[in-house]
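Subject: Structure for you to look at

Hi,

Here is the structure I promised to pass on. Have a look at it first, and then read my notes underneath.

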Amino acid sequence: MKSFLWLVVGIAIGFAVAHKVNETPQGKQFFNGLDKKARDFGSAVSDGYRKREAELRSAIEDAEA
């Protein structure tokens, strides 16, 4: 239970620090860049998933035919 409490405290402190950093111009620039990279990564994963799903569906259709 102690470990969970420390985890929650650490997360809260992290959010507070991130909020303060985001108030500065450099902080906003940093978080905007981080957000763009995270969105690009998520988009790449999603595109790869859809491509692989299409390949598998095509392979199943070919096997059934």
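Below is what I found in it, going from the overall form to single side chains.

First, a caution: this is a predicted model.

**Overall form**

The protein has 2 helices and 0 strands. Helix 1 covers residues 2–22, and helix 2 runs over residues 25–64. How does the radius of gyration compare with that of a compact globule of 65 residues? Such a globule would come out near 11 Å, but the protein has 21 Å. The C-alpha trace spans about 60 × 40 × 10 Å along the principal axes.

The burial figure goes with this picture: 2% of the 65 residues count as buried. About 6100 Å² of the protein is exposed, and 65% of that area is supplied by carbon and sulfur atoms.

**Helix 1 and the nonpolar patch**

Now to the N-terminal part. Met1, Phe4, Leu7, Val8, Ile11 and Phe15 make a nonpolar patch on the surface, with an area of about 710 Å². One of these residues, isoleucine 11, sits in helix 1. Its relative accessible area is 42%, so isoleucine 11 is partly exposed; residues need over 30% to be part of a patch.

Tryptophan 6 also belongs to helix 1. Is tryptophan 6 buried or exposed? It counts as exposed, because its relative accessibility is 59% and the cut-off for exposed is over 50%. For a sense of distance, take tryptophan 6 and threonine 24: they are 18 residues apart in sequence, and their C-alpha atoms are 28 Å apart in space.

**Charges and salt bridges**

There are 10 positive and 9 negative side chains, and the centres of the two sets lie 14 Å apart. Side chains of opposite charge can pair when their charged atoms come close. How many salt bridges does a search of the whole structure find? The search finds 4, and here are some of them, including the partners and how exposed they are.

- Aspartate 35 and arginine 39 meet through their side chains at 3.1 Å, N to O. They are 4 residues apart in helix 2, so about one helical turn separates them. Aspartate 35 is partly exposed at 38% relative accessible area, while arginine 39 counts as exposed at 58%.
- Lysine 36 and aspartate 40 form a salt bridge at 2.9 Å, N to O. These two are also in helix 2, 4 residues apart, which means a separation of about one helical turn. Lysine 36 counts as exposed, with 52% relative accessibility, and aspartate 40 as partly exposed, with 42%.
- Glutamate 53 pairs with arginine 57 in a salt bridge whose closest N and O atoms are 3.0 Å apart. Why is the separation about one helical turn? Because glutamate 53 and arginine 57 are 4 residues apart in helix 2. Glutamate 53 is partly exposed at 30% relative accessible area, and arginine 57 counts as exposed at 51%.

**In short**

To recap, you have a predicted model with 2 helices and 0 strands, a radius of gyration of 21 Å and 2% of its residues buried. The nonpolar patch includes Ile11 from helix 1, and the salt bridges I listed lie in helix 2.

Cheers

Conventions
Residues are numbered from 1 along each chain as its sequence is written. This is a predicted model: local features need pLDDT of at least 70, side-chain atom pairs count only at pLDDT 80 or more; totals for chains, interfaces and linings use all residues. Side-chain values use heavy atoms; hydrogens and water are left out. Patches are made of residues with over 30% relative accessible area and no salt bridge: like charges are joined within 9 Å, nonpolar side chains (Val, Leu, Ile, Met, Phe, Trp, Tyr) within 5 Å. Accessible areas come from the Shrake-Rupley method with a 1.4 Å probe; for residues, only the protein chains shown count as cover. Buried means under 20% relative accessible area, exposed over 50%, partly exposed in between (1.4 Å probe, protein chains only). The radius of gyration is taken over C-alpha atoms; the globule rule is 2.2 Å times the number of residues to the power 0.38. Lys and Arg count as positive and Asp and Glu as negative; His and the chain ends are not counted. The place of a charge is taken as NZ of Lys, CZ of Arg, CG of Asp or CD of Glu.
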